[in-house]
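Good morning, and thank you for making time for this presentation. I would ask everyone to look at the structure on the screen while I go through it.

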Number of protein chains: 2
Amino acid sequence: MSDSTPRPTDAELEILKVLWERGPSTVREIQEILNGVRPTGYTTVLKFLQIMTEKGLVDRDASQRTHVYRTRRSEEQTQSQLVRELLGRAFGGSAAKLVMQALSTRKATAGELAEIRRMLDELEGGDAT
Amino acid sequence: MSDSTPRPTDAELEILKVLWERGPSTVREIQEILNGVRPTGYTTVLKFLQIMTEKGLVDRDASQRTHVYRTRRSEEQTQSQLVRELLGRAFGGSAAKLVMQALSTRKATAGELAEIRRMLDELEGGDAT
DNA sequence: GAGAAAGTACGAAACTTTTCGTGGAGGCGT
DNA sequence: ACGCCTCCACGAAAAGTTTCGTACTTTCTC
């Protein structure tokens, strides 16, 4: 029902982040951004995009000579997948444990905490009789 | 200040889970449990424990002929590391986003939700009531 | 039209992860 | 003592990840 695509690797995630931020992009555009952060060759990025196309992580528009890539899954969908898998791998499926680790690890802003509270209200009130 | 050891791989995590649950264990003990879940050879487990010893993920007591392995980091420490790294890799450091993904991904029990609320109270009202 | 520039495809090297096979050492039963 | 059973060390195969080099094609420029 949810994911058939494999979990993106670390390097793939770097590319996806650029695509989520910029929207559909060319290899060159992605490479220039990535290269600004860490030396990254053009063909390296190209190869990853080819691999990611095969894996179904991105779509390619090859109608022009310079291909344009776009993500197939939203950032939220991917985050959800990563959380779900981490939950299974390391938290015995207990979302509460993960949440508490996350909250104790990095401090969120007051606004974010309020948002989390709202979400708790929704979850609790949602199906209670 | 926090972690120098590398993030455990998926297979390594399976072994760590057994060690956290059972406490210090021999290769045989771990292998039997793992094998109950999924066919897993003895030398496979042994090799992983040797690698994990090199990586500093576990300690080995070799004073007896049958070595005994124990984890070097607690389950909570490891979970914290995994969350922190996932936060950086995929959530732009926003714990709130991760928390909300976790909450919307799997439903927690009422008790767990209450526990999260308590933690929010603690974080927010660090000094006030 | 020739040559440079920019793009894609392909292959492969280096590394990591996962999984075993083999060999050798140590201890036990008879 | 002899053979068996258990254990560890080592090496290596197979797969996955990361990174480029090279070759080929298309387009632009003079």
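Let me begin with DNA strand D, where α3(A) supplies six residues, the largest share of the surface near that strand. Please keep in mind throughout that this is a predicted model.

Around DNA strand D there are 23 residues, and those that come closest are A:T9, A:T44, B:R28, B:Y42 and B:R65. What is the make-up of this surface by class? It divides into six nonpolar, eight polar and nine charged residues. As for the strand itself, 65% of its atoms within 4 Å of the protein belong to sugar or phosphate, and the rest belong to bases.

Three individual pairs of atoms illustrate this. A polar side-chain atom of A:T9 is placed 2.4 Å from a phosphate oxygen of DNA strand D. For A:R38, a polar side-chain atom is found 3.2 Å from a phosphate oxygen of that strand. In A:K55, an N or O atom of the side chain is 3.4 Å from a phosphate oxygen of DNA strand D. Which elements give two or more residues to this surface? They are α1 and α3 of chain A, together with α2 (27-37) and α3 of chain B.

I turn now to DNA strand C. Here 23 residues surround the strand, and A:R28, A:Y42, A:R65, B:T9 and B:T44 come nearest. The largest share of this surface, six residues, is given by α3(B). The elements that contribute two or more residues near DNA strand C are α2 (27-37) and α3 of chain A, along with α1 (10-22) and α3 (42-55) of chain B. By class, the surface has six nonpolar, eight polar and nine charged residues. Of the atoms of DNA strand C within 4 Å of the protein, 62% are part of sugar or phosphate, while the rest are part of bases.

Again, some individual pairs deserve attention. A:R65 has a polar side-chain atom 2.8 Å from a base nitrogen of DNA strand C. A:Q50, by contrast, places a polar side-chain atom 2.9 Å from a phosphate oxygen of the strand. From chain B, a backbone N or O atom of B:G41 lies 3.5 Å from a phosphate oxygen of DNA strand C.

How are the two protein chains related? In general terms, two copies of a chain are related by a rotation about an axis and a shift along it. In this model, a turn of 180 degrees and a shift of 0.0 Å along the axis lay chain B on chain A with an RMSD of 0.2 Å. The two copies are therefore related as by a two-fold rotation axis. Within chain B, the C-alpha nearest the axis belongs to B:V99, at 2.6 Å from it. The copies meet through the same surface, because 100% of the interface residues of chain B are also interface residues in chain A.

Finally, let us consider the packing of helices. Helix α1 (residues 10-22) and helix α3 (residues 42-55), both of chain A, pack at an angle of about 95 degrees, with their axes 10 Å apart. That angle makes α1(A) roughly perpendicular to α3(A). From α1(A), the contact involves A:A11, A:E12, A:I15 and A:L16, and from α3(A) it involves A:V45, A:F48, A:L49, A:I51, A:M52 and A:K55. Eight of these residues are nonpolar, none is polar and two are charged.

The helix α1(A) also meets a helix of the other chain. Its axis and that of helix α4 (residues 75-90) of chain B come within 9 Å and cross at roughly 40 degrees, which means that α1(A) is oblique to α4(B). The residues in contact are A:D10, A:L13 and A:K17 of α1(A) and B:G88, B:R89 and B:A90 of α4(B). By class, this contact has two nonpolar, one polar and three charged residues.

How values were computed. Residues are numbered from 1 along each chain as its sequence is written. Chains are lettered from A and ligands numbered from 1 in the order in which they are written. This is a predicted model: local features need pLDDT of at least 70, side-chain atom pairs count only at pLDDT 80 or more; totals for chains, interfaces and linings use all residues. Side-chain values use heavy atoms; hydrogens and water are left out. Axes are lines fitted to C-alpha atoms, for helices over the stretch in contact, and angles run from 0 to 180 degrees between N-to-C directions. Helices (H or I, at least four residues) and strands (E, at least two) are DSSP runs, numbered from the N terminus. Angles under 35 degrees count as roughly parallel, over 145 as roughly antiparallel, 65 to 115 as roughly perpendicular and the rest as oblique. Contact means heavy atoms within 4.5 Å. Ala, Val, Leu, Ile, Met, Phe, Trp, Tyr, Cys and Pro count as nonpolar, Asp, Glu, Lys and Arg as charged, and the others, Gly among them, as polar. Copies are superposed by least squares on the C-alpha atoms of residues with pLDDT of at least 70 in both. A residue is near a molecule or strand if one of its heavy atoms lies within 4 Å of it. A polar contact is a pair of N or O atoms within 3.5 Å; within protein, one must be able to donate a hydrogen and the other to accept it, and residues adjacent in sequence count only if both atoms are side-chain atoms.
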